[in-house]
Amino acid sequence: QVQLVESGGGLVQPGGSLRLSCAASGSLFSALSLGWYGQAPGKQRELVAFITTVGSTNYADSVKGRFTISRDNAKNTVYLQINSLEPEDTAVYYCNDAYALRFRARWGQGTQVTVSS
């Protein structure tokens, strides 16, 4: 029932930064734990960060210390601040319910992050 649209990706050099945004529509945004997922070429989609309804966060080990997830319930938006980008971060990034991989969720187009020199 919540529609999500990702934006903010792009081509950056290693060590650079990006801020991804996920704009949501629907009335249940504040009641959801939300995650950012990354799907690198040839790999399965994986959860890299999530934020609960009360603002608690968790990160995959590979991004810990570099990625920061946040949410603004008043704007129905979740963000992913990515610092110290590495080539291994290259992926299409999606936002969705933090439990989306546990059921057949609908996925949007995502936003492409490419890290290359």
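In this predicted model, residues 24 or more positions apart account for 55% of the contacts in the protein chain with a separation of 6 or more. That is a good place to start, so let us look at the chain as a whole before visiting two residues and a pocket.

The secondary structure comes to zero helices and 10 strands, and reading along the sequence gives the pattern β-β-β-β-β-β-β-β-β-β. The radius of gyration is 13 Å, close to the 13 Å that the globule rule gives for 117 residues, so the chain is as compact as a globular protein of that length. Along its principal axes, the C-alpha trace spans about 40 × 25 × 25 Å. Of the 117 residues, 43% count as buried.

Two of the strands offer a residue worth a visit. Here they are side by side.

| Residue | Strand | Relative accessible area |
|---|---|---|
| Leu-34 | strand 4 (residues 34-39) | 2% |
| Thr-111 | strand 10 (residues 111-115) | 8% |

Leu-34 counts as buried because its relative accessible area of 2% is under the 20% cut-off. Leaving aside neighbours within four places in sequence, Leu-34 is in contact with Phe-29, Ala-49, Phe-50, Ile-51, Ile-69, Arg-71, Val-78, Asn-96, Asp-97 and Ala-98. Among these partners, Ala-49, Phe-50 and Ile-51 fall within strand 5 (46-51), while Asn-96 and Asp-97 fall within strand 9 (91-97). Thr-53 makes a further reference point: Leu-34 and Thr-53 are 19 residues apart in sequence and 8.0 Å apart in space, C-alpha to C-alpha.

Thr-111, over in strand 10, is buried as well, at 8% relative accessibility. A polar atom of the Thr-111 side chain lies 2.9 Å from the backbone nitrogen of Gly-9. Gly-9 also appears in the contact list of Thr-111, which, with neighbours within four places in sequence left aside, runs to Glu-6, Ser-7, Gly-8, Gly-9, Leu-20, Ala-91, Val-92 and Tyr-93. Of these, Ala-91, Val-92 and Tyr-93 belong to strand 9 (91-97).

Strands 4, 5 and 9 turn up again at the second largest pocket, where each supplies at least two residues of the lining. About 270 Å³ of space lies in this pocket. The lining has 17 residues, and Ala-40, Glu-46, Ser-62, Glu-88 and Asp-89 lie nearest the centre. By character, the lining residues divide into six nonpolar, five polar and six charged.

Methods. Residues are numbered from 1 along each chain as its sequence is written. This is a predicted model: local features need pLDDT of at least 70, side-chain atom pairs count only at pLDDT 80 or more; totals for chains, interfaces and linings use all residues. Side-chain values use heavy atoms; hydrogens and water are left out. Helices (H or I, at least four residues) and strands (E, at least two) are DSSP runs, numbered from the N terminus. Buried means under 20% relative accessible area, exposed over 50%, partly exposed in between (1.4 Å probe, protein chains only). Contact means heavy atoms within 4.5 Å. A polar contact is a pair of N or O atoms within 3.5 Å; within protein, one must be able to donate a hydrogen and the other to accept it, and residues adjacent in sequence count only if both atoms are side-chain atoms. On a 1 Å grid over the protein atoms alone, a cavity is a set of points where a 1.4 Å probe fits but cannot get out, and a pocket is an open set with protein on both sides within 12 Å along at least five of seven lines; lining residues have an atom within 4 Å of a point. Grid points are joined across faces, edges and corners, and a volume is the space filled by probe spheres set on the points. Ala, Val, Leu, Ile, Met, Phe, Trp, Tyr, Cys and Pro count as nonpolar, Asp, Glu, Lys and Arg as charged, and the others, Gly among them, as polar. The radius of gyration is taken over C-alpha atoms; the globule rule is 2.2 Å times the number of residues to the power 0.38.
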